[in-house]
Amino acid sequence: LGIELVLNQSTREPAPLHADYLVERMKSRRILLSTEGPCQNVLKFKPPMVFNLSDAQKLLDHLNIVLQESPMQ
């Protein structure tokens with residue numbers, strides 16, 4: 001499962017710096033993600049087999065918080 005990050009929906013300009021920022025911030029919250037794709041702007045999710053609904057909610061809660069941060073601070 002992956003989510004492509006772009007700076008502009010119309011031009012689909014890749015956002016690799018934002019992707020790297022999200023990966024590092026999620027890591028600091030003990031959630032491991034990686035980047036992929038030719039521009040390294042796709043967040044890649046590889047949950048373990050024991051991933052359940054509670055884990056999914058935790059992931060979404062943390063991702064929602066981190067997505068509201070600015071990677072250029």
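The questions and answers below concern a predicted model.

User: In what order do the three strands of the open sheet stand?

Analyst: The pairing in this sheet is antiparallel, and the twist averages 30° from one strand to the next. β1 (2–4) and β4 (34–36) each have a single partner strand, so one side of each is left without a neighbour in the sheet. With those two at the edges, the order of the open sheet is β1-β5-β4.

User: Which residue of β5 does Ser 34 stand opposite?

Analyst: β4 is joined by three bridges to β5, which covers residues 42–44, and the two strands run antiparallel. β4 covers residues 34–36, and its residue Ser 34 stands opposite a residue in β5, namely Lys 44.

User: At about what angle to β4 does helix α1 run?

Analyst: Helix α1, made of residues 16–28, lies across both β4 and β5. Taken against β4, the helix runs at an angle of about 155°.

User: How many residues does α1 give to the largest nonpolar core?

Analyst: The largest nonpolar core has 13 residues, of which Leu 5, Leu 22, Met 26, Leu 33, Leu 43, Phe 45 and Leu 59 touch the most other members. Both α1 and α2 supply at least two residues each. It is α1 that gives the most to this core, and its number of residues is four.

User: With which residue's side chain does the side chain of His 62 make a polar contact?

Analyst: His 62 belongs to helix α2, residues 53–67. Once residues up to four places away in sequence are set aside, His 62 touches Met 26, Arg 29 and Ile 31; Met 26, for its part, is also in contact with Leu 59, Leu 63 and Val 66, among others. The polar contact made by the His 62 side chain, at 2.9 Å, is with the side chain of Arg 29.

User: Is Asn 41 buried or exposed?

Analyst: Asn 41 is found in the loop between β4 and β5. Leaving aside neighbours within four places in sequence, its contacts include Ile 3, Leu 5, Pro 14, Ala 19 and Glu 36. Its relative accessibility is 3%, and since the cut-off for burial is under 20%, Asn 41 counts as buried.

User: What is the relative accessible area of Leu 7?

Analyst: Leu 7 is found in strand β2, residues 6–8, and, not counting residues up to four places away in sequence, touches Glu 13, Pro 14, Ala 15 and His 18. Leu 7 is nevertheless partly exposed, with a relative accessible area of 47%.

User: About how much of the helix separates Lys 27 and Glu 24?

Analyst: Lys 27 forms a salt bridge with Glu 24, the closest N and O atoms being 3.4 Å apart. Lys 27 is partly exposed at a relative accessible area of 43%, and Glu 24 is partly exposed at 45% relative accessibility. Because the two are three residues apart in helix α1, the separation is about one helical turn.

User: How many residues apart in sequence are the parts that Glu 69 and Arg 25 tie together?

Analyst: A search of the whole structure finds four salt bridges; one of them is formed by Glu 4 with Arg 12, at 2.6 Å between the closest N and O atoms. Glu 69 forms another with Arg 25, where the closest N and O atoms are 2.8 Å apart. Glu 69 lies in the segment after α2, whereas Arg 25 lies in helix α1, so the parts tied together are separated in sequence by 44 residues.

Technical notes: Residues are numbered from 1 along each chain as its sequence is written. This is a predicted model: local features need pLDDT of at least 70, side-chain atom pairs count only at pLDDT 80 or more; totals for chains, interfaces and linings use all residues. Side-chain values use heavy atoms; hydrogens and water are left out. Two strands pair if DSSP finds at least two bridges between them. Axes are lines fitted to C-alpha atoms, for helices over the stretch in contact, and angles run from 0 to 180 degrees between N-to-C directions. Contact means heavy atoms within 4.5 Å. A polar contact is a pair of N or O atoms within 3.5 Å; within protein, one must be able to donate a hydrogen and the other to accept it, and residues adjacent in sequence count only if both atoms are side-chain atoms. A nonpolar core is a set of buried Ala, Val, Leu, Ile, Met, Phe, Trp, Tyr and Cys residues joined through side-chain atoms within 4.5 Å. Buried means under 20% relative accessible area, exposed over 50%, partly exposed in between (1.4 Å probe, protein chains only). A salt bridge is a side-chain nitrogen of Lys or Arg within 4 Å of a carboxyl oxygen of Asp or Glu.
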